[in-house]
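Hi there,

Here is the structure I promised to pass on to you. Please open it alongside this email, and I will walk you through what turned up.

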Amino acid sequence: MASGSGSLMWFRKGLRIHDNPALEDAAKGTRFLYPVFVIDPHYMEPDPNSFSPGSPRAGLNRIRFLLESLVDLDLSLKKLGSRLLVLKGEPSEVLIRCLKEWDVTKLCFEYDTEPYYQALDVKVKTYASNAGIEVFSPVSHTLFNPADIIHKNGGRPPLTYQSFVRLAGQPSWASSPLSITVSSLPHVGDVGSCEISEVPTIEELGYGESPQDGFSPFRGGESEALKRLRKSIADKVWVATFEKPKGNPSAFLKPATTVLSPYLKFGCLSCRYFYQCLQDVYRNVKRHTSPPVSLVGQLLWRDFFYTVALGTPNFDQMRGNRICKQMTYWCRYLGMTMMNCWRLGGMLGQDTLGLMLSWFRSALQVGLDASSSTPLCCMFFNSWRSGRDVFERLLIDSDWAINNGNWLWLSCSSFFYQYNRIYSPISFGKKYDPNGDYIRHFLPVLKDMPKEYIYEPWTAPLSVQTKAKCIIGRDYPKPVVPHDSESKECRRKMAEAYTLNQKLKGVVSEEDLKNLRRKLEEHPEQEGKSKRTRQKPVG
């Protein structure tokens, strides 16, 4: 066993040096510091059965972004006289083994609301407590402590953005300077028999060689995050006037947002530091936009979803989720074949970019995307969880709380209930990207199609198709479903499901859903007679 006392800093998210309260506390008054990251097979091991390269939990773009972030963190630690200790295995087992092997008196890690990490933390904290090891797990991945907001609301999370903002108020730390720079860190102690490695490459994880042009252009790491932050806040007028959802939703070469979401997701950028930087800009301009549409408003949306996710059991499911409408989902046509069509058509560019920009994120969730001819929830009446899983895999900034929250919202399963608002993927595209630049870039088979046909290429005369070198049915598929009739059918099903949920006060059984499905199948052409009602969130 190593001589002398030490602290173990367990990195999971929070992959940064600046504003890292857990790291700061771990480095105080200790002889040795052990900065640890565990390569979790649950997250990193290749899954040969997935529809795209990656693990069961993440696509290759996100894994690569994480590895880049770890390399950057290791370089930063080395500049401060330390290094990142990379181990492999089930995280709680690895951590407990380290605590046994090393002479550690304090364990520090950033608090995480995600159920997977909550379960790991219980195991590790239980062992540490029994072993007499001090545990410090501060909240720094969000602006507020979600548990505090839930407590203020009587033990349940607020289910509207406005009520959340009212409860939250101003962050308690906001008026104090954050610890942004670190001059040095304690040396790493004796690691004993623990197998320590450098940050692995994608090839070393078992993914083989991957073409570089197939990767996202967004590089991981704290250094890149701070560079992007500085560039964003340098344009004070842009920061002051930022207003979502305004902006060009088809922008992809020069995004209309900060593109800081993946850095916030992995904690390469402190959301608290970002918040303070925005407040500094606001103080030095005559006027600026306000929540919910401002940049600070976007950070508050992030906290809102984290809070609801923490306070809602089974937040990522329909069954057992008290705030989720109970629906009887199915695809009328070709089952999973249709799901694959949506994934392939709707996620154009996301396999490469690894990031969904501006409105396209919400657009794809409810069938707004100009590049998607097969919207998921509002034409196929497919479960929001199917789309959620695709986003979880392909997007480098996919965040458990935000991803599930957005899909619940935009499928009209929770938070937002105006299910009649189904936008046409044709008219939406014509309005915001009339030349079809997004489609031409990510779907080159249509790059020569005249703009009047770019959103409905199957309507182009054969002579136009021939000139554009894109014959519908050969080079590009014929439309699978008619948007107008399918969206109408979806509204009918949603109306019936809403009526059932209202009648049973949200307590809908599997048998109730089977009966509803049987009713809808027996009367496919009957218009739903349920009146549209303004529903309040459950709870």
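A good place to start is R62, which sits in helix α3, spanning residues 60–79. Please keep in mind that this is a predicted model. Is R62 buried or exposed? R62 counts as buried, because its relative accessibility is 0%. Its side chain reaches the backbone oxygen of E392 at 2.5 Å. Leaving out residues up to four places away in sequence, R62 touches Y43, R57, K265 and F266, and also E392, R393, L395, I396 and S398.

Next, the cavities. There are six of 30 Å³ or more, and the largest has a volume of about 280 Å³. Its lining is made up of 21 residues, and those closest to its centre are R12, K13, Y43, L66 and Y117. Helix α3 comes up again here: together with β1 (6–11), β2 (32–39) and α2 (41–44), α3 gives two or more residues to that lining. By type, the lining of the largest cavity divides into 11 nonpolar residues, nine charged and one polar.

Now have a look at helix α12. This helix runs over residues 271–283, and its 13 residues reach 18 Å from the first C-alpha to the last, close to the 18 Å expected. At its N-terminal end, S270 acts as a cap, with a side-chain oxygen 3.1 Å from the backbone nitrogen of R272. Which residues of α12 are buried? They are C271, R272, F274, Y275, Q276, C277, L278, V281 and Y282. The buried residues of α12 pack against α1 (21–27), α9 (222–234), α10 (236–241), α11 (261–265) and α13.

Last comes Q326, in the loop that lies between α13 (295–310) and α14 (336–346). Q326 counts as buried, since its relative accessibility is 4%. Its side chain makes a polar contact with the side chain of R319 at 2.6 Å, and the backbone oxygen of C324 lies 3.0 Å from a polar atom of the Q326 side chain. Beyond its neighbours within four places in sequence, Q326 is in contact with M318, R319 and N321, as well as A497, N501, G506, V508 and L513. One of these partners, G506, is 180 residues away along the chain, yet the C-alpha atoms of Q326 and G506 are separated by 7.3 Å.

Enjoy exploring it, and do write back with any questions.

Best wishes

Key: Residues are numbered from 1 along each chain as its sequence is written. This is a predicted model: local features need pLDDT of at least 70, side-chain atom pairs count only at pLDDT 80 or more; totals for chains, interfaces and linings use all residues. Side-chain values use heavy atoms; hydrogens and water are left out. Helices (H or I, at least four residues) and strands (E, at least two) are DSSP runs, numbered from the N terminus. Buried means under 20% relative accessible area, exposed over 50%, partly exposed in between (1.4 Å probe, protein chains only). Contact means heavy atoms within 4.5 Å. A polar contact is a pair of N or O atoms within 3.5 Å; within protein, one must be able to donate a hydrogen and the other to accept it, and residues adjacent in sequence count only if both atoms are side-chain atoms. On a 1 Å grid over the protein atoms alone, a cavity is a set of points where a 1.4 Å probe fits but cannot get out, and a pocket is an open set with protein on both sides within 12 Å along at least five of seven lines; lining residues have an atom within 4 Å of a point. Grid points are joined across faces, edges and corners, and a volume is the space filled by probe spheres set on the points. Ala, Val, Leu, Ile, Met, Phe, Trp, Tyr, Cys and Pro count as nonpolar, Asp, Glu, Lys and Arg as charged, and the others, Gly among them, as polar. The expected span of a helix is 1.5 Å times one less than its number of residues.
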